[in-house]
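Open the model in your viewer and keep the selection panel to hand. The stops below go from whole chains to interfaces, then to a helix pair and a single residue.

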Amino acid sequence: MFDIVSFIPRAVMQGIPLLFGSTGEILTEKSGNLNLGIPGVMYVGAISGVIGSFFYEQSMGGAPLNGFLAIAIPMVCSLLGSLLMGLLYCFLTVTLRANQNVTGLAMTTFGVGFGNFFGGSLIKLAGSDVPSVALPATSAFFSKHLPFAGNLGWFGKVFLDYGFLAYLAVIIALLCSYVLNRTRAGLHLRSVGESPATADAAGINVTRHKYLATCIGSMIAGLGGLYYVMDYACGVWSNNAFGDRGWLAIALVIFTIWRPNISILASILFGGLYILYLYIPTGTHMEVKELYKMLPYVITLVVLIIVSLRKKRENQPPASLGLSYFREDR
Amino acid sequence: MEAVKNAVRMENITKRFGTKVVANNAVNLELHEGEILSLLGENGSGKTTLMNMLSGIYHPDEGQIYIHDKPVTISSPKDAFDNGIGMIHQHFKLVDVFTATENIILGLNEDGKLDLKKASQKVRDICNKYGFDIKPDQKIYDMSVSQKQTVEIVKVLYRGADILILDEPTAVLTPQETDKLFQIMRNMQKDGKSLIIITHKLHEVLEVSDRVAILRKGEYVGDVVTKNADQQSLTDMMVGRRVSLNIDRPAPVNPQPRLTVEHLTVYDDLGVKRLSDVSFTANSGEILGIAGVAGSGQRELLEAIAGLYPVAEGAINFYDPNVDYSDPANKPKSLVGMDPMSIRKAGVAMSFVPEDRLGMGLVGTMGMTGNMMLRSWRKGKGLFVSRKEPEALAKRIWEELEVVTPSTSFPVRRMSGGNVQKVLVGREIAQEPAVLMTAYAVRGLDINTSYTIYNLLSEQKMKGRAVIYVGEDLDVLLELCDRILVLCGGQVSGVVDARTTDKRQVGVLMTRVGGGEADE
Amino acid sequence: MNKKSLFYLAKRDALPWHKTWLIRGVAIVLALIFCSLITMLLTGLNPVQVFSTIFYGAFGTARKTWVTAQNLAILLGISLAITPAFKMRFWNIGAEGQVLIGCLACAACMITLEGKVSSGLMVVISLAASLLAGAVWGFLPAFFKANWETNETLFTLMMNYIATQLAAYFIIVWEVPKGSGKIGIINQSSEAGWLPVIGGQKYLLLILVVAVLTGLMFIYLQYSKHGYEIAVVGESHRTASYAGIKVNRVIIRTMVLSGAICGLVGFLLVSGTEHTLTTTLVGGRGFTAVMVSWLAKFNPIGMIFTSLLLVFLQRGATEISSVFGLNHSFADILTGIILFFIIGSDFFTNYEIHYQRSGKEGK
């Protein structure tokens with residue numbers, strides 16, 4: 001029997017890191033920057049948070065943690081880590097006008113390596129027997145949910161049974177959607193991604209918009225990594241556990257045709273597809289699960305193809321995506 | 001009569017590019033309040049440069065600008081707006097996926113939150129006031145060229161400009177759209193705005209403006225009140241006296257048809273008609289000039305012949321010099337529907353020097369040898385390209401045309417414009433074509449190189465080749481060519497004998513919509 | 001918009017190659033200094049020791065040298081494969097999937113044909129299957145790009161994961177023993193479908209094949225008609241059409257070739273050295289190859305050096321991390337840093353900075 005009430009919360013929890021990642025990447029891409037470093041950024045966001053809380057927990061020496069600090073320290077560390085990654089990307093691609101694809105891929109190599117390296121170092125520092133760092137105390141604060149959620153039956157389980165970062169992800173996605181479509185800042189940002197020369201002629205500072213969007217986007221994406229470790233994985237960091245979720249987030253950007261509000265549902269759909277195999281009776285055919293895991297990518301590809309076949313202008317990637325802007329070129 | 005007030009006064013404006021090119025030399029210009037002024041001049045006479053100094057794109061090297069009699073410095077488009085000046089450029093700066101309103105308010109930092117409804121209402125008010133025909137919520141990519149232009153005009157008005165500059169606004173419009181634009185310009189004038197329209201179409205000048213100011217080769221020639229002017233007097237002022245260039249022009253020997261174009265009609269990818277019912281013949285041993293204001297269909301005509309532009313209707317036929325066409329069994333080759341490769345494979349000896357030298361005729365990052373191969377890359381044995389012959393050809397052109405370059409592998413992008421053109425023309429001539437087409441072959445070149453090109457083309461003609469020369473300088477066209485085909489708005493407005501005609505007659509043909517035989 | 005700054009930028013004309021490489025060299029040296037500083041901080045070694053350890057890791061023993069050469073050959077092979085596409089400005093970041101699908105095709109042949117055909121024939125069939133699989137993976141994005149301008153970067157990215165999941169699926173189908181989730185060594189006893197070992201060195205054949213491939217690719221790009229067409233299409237579609245080159249055909253043909261060579265590398269990996277199939281067999285080298293190719297400005301000979309630099313660093317950093325008990329991802333960090341420096345240095349080859357004396361406009 002397909003247990004929808006237990007399926008949805010799990011799909012949501014799978015989806016939230018993707019939602020953070022795709023919202024951040026959408027914001028970034030709207031400024032014309034195709035940041036393929038997002039998987040790296042999410043790793044850095046995660047490990048920075050882990051480092052912060054690891055040392056905080058250590059410094060407390062087993063004493064109960066201060067709830068505010070237990071959340072604020074990893075959050076600030078995570079934001080700072082991914083901000084630095086965003087700045088690095090901008091410095092290379094916007095200021096130095098380097099190739100975006102190559103820079104992004106290098107950032108992913110670096111970021112994943114950074115995460116695993118410091119993860120591995122912490123594991124050694126912690127002297128643990130298993131290859132992972134566990135931060136259960138911090139995680140407890142992150143995954144704290146409404147106390148009465150459990151009493152409300154399926155409604156509580158489906159809608160209220162998540163840590164605060166999950167709700168933050170939804171709020172950020174809605175906020176981004178609002179800013180992009182309903183505010184002057186969003187209008188200006190979109191014009192930078194569509195036609196930087198036009199934006200420049202209209203007196204919009206192209207460089208500043210690219211930096212801002214990419215750095216804020218990176219910070220949002222980094223929170224996805226933090227959510228994964230602190231809430232989804234119950235505070236346990238093990239190397240490479242985050243896997244390919246960063247690329248899935250980029251797929252999600254295409255799938256939602258650059259709309260953060262659609263991404264809220266789409267990320268849950270992707271999360272669901274990601275774990276669908278656990279709920280489909282496959283009998284002895286374990287291998288079929290791997291084909292289910294392929295679904296998000298296949299669906300994204302189909303969307304990409306359909307969008308380009310239909311040539312509907314609103315659904316195309318930002319026109320200057322992947323190109324650096326140099327005023328004298330116009 | 002009350003004293004006229006000046007909306008704009010430009011005093012002794014000089015603008016140089018680099019050390020050699022003087023785009024504007026001590027120009028004085030006045031725009032009275034509430035008038036429509038035409039700024040008239042040939043291509044390259046410095047009209048747009050002069051106006052760009054009003055709109056803040058360029059800064060004058062010398063001179064002073066007064067707006068409403070107050071001296072001002074305009075160093076950015078924003079300064080221009082602050083002074084109430086708005087310019088509508090030929091190339092629109094619009095974001096395609098945005099609506100009209102979104103484009104219009106782009107970059108503005110009005111107080112309060114973004115209220116598209118309010119902005120749309122304001123746009124609608126402006127439209128109603130002057131008779132514009134756009135929907136504020138329509139996306140730019142859904143719009144015709146004329147509607148996009150309207151958006152640009154509304155953008156300027158929305159920002160409160162009272163001095164409007166329109167840079168060749170009619171170049172992209174149909175006659176009906178042009179009439180509508182002129183009506184709108186008069187509405188704006190009634191509302192107290194002052195307008196400058198840059199153009200080189202005489203009938204439009206006479207129709208819409210109150211006064212005409214004329215530039216020639218960067219210098220201010222003078223102005224006339226439109227009602228005291230006619231096409232003839234304006235042409236004389238615009239083109240000046242005939243300048244003798246002393247280009248060698250032998251008489252054609254035994255001209256035979258090489259290329260015939262019949263009833264050619266083409267449309268661009270937006271469905272706008274670019275050529276309409278164009279017919280002509282290019283003969284061997286003759287240079288056929290093609291004259292016309294910029295964008296009259298010259299590019300489309302040559303590209304259609306070269307197989308790079310889709311032909312909607314009509315015929316293009318090539319006559320091989322080695323075939324005897326007196327024998328009715330021999331038919332000319334039809335080029336319609338062929339791409340450049342099949343044209344070459346069919347043995348059609350045709351060369352083409354395109355207008356966009358580095359974007360179409362040459363590969364900028366390659367050296368001379370690599371660029372010679374654009375013509376011959378197919379010829380090598382088996383899988384490989386042969387470098388020997390292109391290398392030899394590159395060396396020959398290097399020596400014969402005195403191309404200044406350190407080596408035959410030096411990227412052509414880094415050569416000067418004149419040398420780039422020598423490489424391109426040299427390569428195309430070396431194909432020993434029966435028909436040689438050139439577009440703006442001397443644009444941007446210095447005098448010496450220009451003469452080198454003229455001589456090369458005359459040589460080709462003496463060798464019995466049919467040369468088609470698309471040019472913009474009437475003096476050159478008159479002295480270099482044997483016959484001149486004049487295009488206007490995608491139609492042939494006349495074919496004249498270059499030896500007997502004069503600049504005035506060609507000038508009139510260039511600016512007359514409709515076509516028909518050359519009068520006189 | 002019109003703020004007058006002290007500096008303004010202008011695009012540079014192409015620099016002579018030796019100046020470009022000089023700037024690159026300076027960047028690499030700076031990056032190495034930076035890397036050794038980090039290593040010193042983490043390990044307490046002095047710089048000389050750092051570099052000698054790195055060198056030892058890459059070339060310290062005959063075995064280490066062979067492994068380094070094998071890594072180099074695989075990375076170089078993938079880089080060669082994607083280079084024609086990149087030269088055409090087709091941003092194929094799907095080499096990871098194109099190689100893996102080649103691996104999968106090869107493994108499929110080796111497993112399903114075992115005992116049915118001779119080992120030699122099996123090698124031939126596996127090779128053909130690998131080439132075909134890679135070619136299909138290259139064809140799809142090119143077909144859509146040529147006809148409908150579908151974004152090839154995103155397309156090839158998705159194809160990577162489709163290949164990964166396909167491989168994951170078949171690994172479980174063919175797992176040995178059941179339930180292990182692994183294939184193990186394919187045809188371990190019969191060695192059917194294994195490429196022969198020549199000269200007593202397991203990796204020699206692979207290295208020779210890639211060496212020949214390097215030469216062929218250099219000739220292909222430099223001297224063949226196809227290579228010329230690719231260069232012109234990469235520069236300008238308009239110029240290509242003017243010269244009678246069929247742009248769409250070149251795009252599709254080049255990507256099929258690109259994919260097929262990726263498939264070849266996949267074949268070499270499975271049939272030649274690894275004799276197994278895992279989803280991480282390519283190990284991100286499809287992405288690293290993008291950087292190798294780009295850093296060498298798409299020159300196959302230059303790619304020998306850029307891939308050597310990266311492999312050398314990776315091997316050396318691995319050595320440092322195992323000697324000092326650091327995590328193996330240390331290599332990725334160093335690679336990232338080197339890449340950032342080189343990527344950044346390109347700015348100085350493409351632009352020049354002008355100092356502005358008076359208040360003239362920076363136009």
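What follows is a sequence of selections with a short note on each. The model is predicted.

**Stop 1: chain A**

Select chain A and show it as a cartoon. The display should contain 13 helices and 2 strands. Align the view to the principal axes, along which the C-alpha trace spans about 60 × 50 × 35 Å. How does the radius of gyration of chain A compare with that of a compact globule? For 330 residues the globule value would be near 20 Å, and chain A has 20 Å, so the two agree. Colour chain A by burial next: 56% of its 330 residues count as buried. A contact map of chain A adds that, among contacts with a separation of 6 or more, 79% are between residues 24 or more positions apart.

**Stop 2: α2 and α4 within chain A**

Select residues 38-60 of chain A, which form helix α2, and residues 100-126, which form α4. Two packed helices are described by the angle between their axes and the distance between the axes. The axes of α2(A) and α4(A) come within 7 Å and cross at roughly 25 degrees. An angle under 35 degrees counts as roughly parallel, and α2(A) and α4(A) are therefore roughly parallel to each other. The crossing of α2(A) past α4(A) is left-handed.

Now show side chains where the helices meet. On α2(A) the residues include A:P39, A:V44, A:I47, A:I51 and A:F54. On α4(A) they include A:M107, A:F110, A:F114, A:F118 and A:L122. How many nonpolar, polar and charged residues make up this contact? The contact of α2(A) with α4(A) has 15 nonpolar residues, 5 polar and no charged.

**Stop 3: where chain A touches chain C**

Keep α4(A) selected and add chain C. Here 45 residues of chain A are in contact with 40 residues of chain C. On the chain A side, the elements giving two or more residues are α4 (100-126), α11 (245-255) and α13 (288-310). Of these, α4(A) makes the largest contribution, 15 residues. Coloured by residue class, the chain A side divides into 26 nonpolar, 12 polar and 7 charged.

**Stop 4: chain C**

Hide chain A and show chain C as a cartoon. Chain C has 13 helices and 2 strands. Its C-alpha trace spans about 80 × 60 × 35 Å along the principal axes. With 363 residues, a compact globule would have a radius of gyration near 21 Å, and the 23 Å of chain C agrees with that. Buried residues are 52% of the 363 in chain C. Of the contacts in chain C between residues at least 6 apart in sequence, 77% join residues at least 24 apart.

**Stop 5: C:A146**

Zoom to C:A146, in helix α5 (residues 119-148) of chain C. Is C:A146 buried or exposed? C:A146 counts as buried because it has 20 C-beta neighbours inside 10 Å. Beyond its neighbours within four places in sequence, C:A146 is in contact with C:N248, C:I251 and C:I252. Add C:V247 and draw a distance: its C-alpha atom is 8.1 Å from that of C:A146, with the two positions 101 residues apart along the chain counted as their separation.

**Stop 6: where chain C touches chain B**

Last, add chain B. In this interface 19 residues of chain C are in contact with 26 residues of chain B. On the chain C side, α8 (225-235) and α9 (237-242) are the elements that give two or more residues. The chain C side divides into 7 nonpolar, 6 polar and 6 charged residues.

Methods:
Residues are numbered from 1 along each chain as its sequence is written. Chains are lettered from A and ligands numbered from 1 in the order in which they are written. This is a predicted model: local features need pLDDT of at least 70, side-chain atom pairs count only at pLDDT 80 or more; totals for chains, interfaces and linings use all residues. Helices (H or I, at least four residues) and strands (E, at least two) are DSSP runs, numbered from the N terminus. The radius of gyration is taken over C-alpha atoms; the globule rule is 2.2 Å times the number of residues to the power 0.38. A residue is buried if 20 or more other C-beta atoms lie within 10 Å of its own, exposed if 12 or fewer, and partly exposed in between; C-beta atoms are placed from the backbone. Two residues are in contact if their C-beta atoms, placed from the backbone, lie within 7 Å. Ala, Val, Leu, Ile, Met, Phe, Trp, Tyr, Cys and Pro count as nonpolar, Asp, Glu, Lys and Arg as charged, and the others, Gly among them, as polar. Axes are lines fitted to C-alpha atoms, for helices over the stretch in contact, and angles run from 0 to 180 degrees between N-to-C directions. Angles under 35 degrees count as roughly parallel, over 145 as roughly antiparallel, 65 to 115 as roughly perpendicular and the rest as oblique. A crossing is left-handed if the near helix is turned anticlockwise from the far one by less than a right angle, and right-handed if clockwise.
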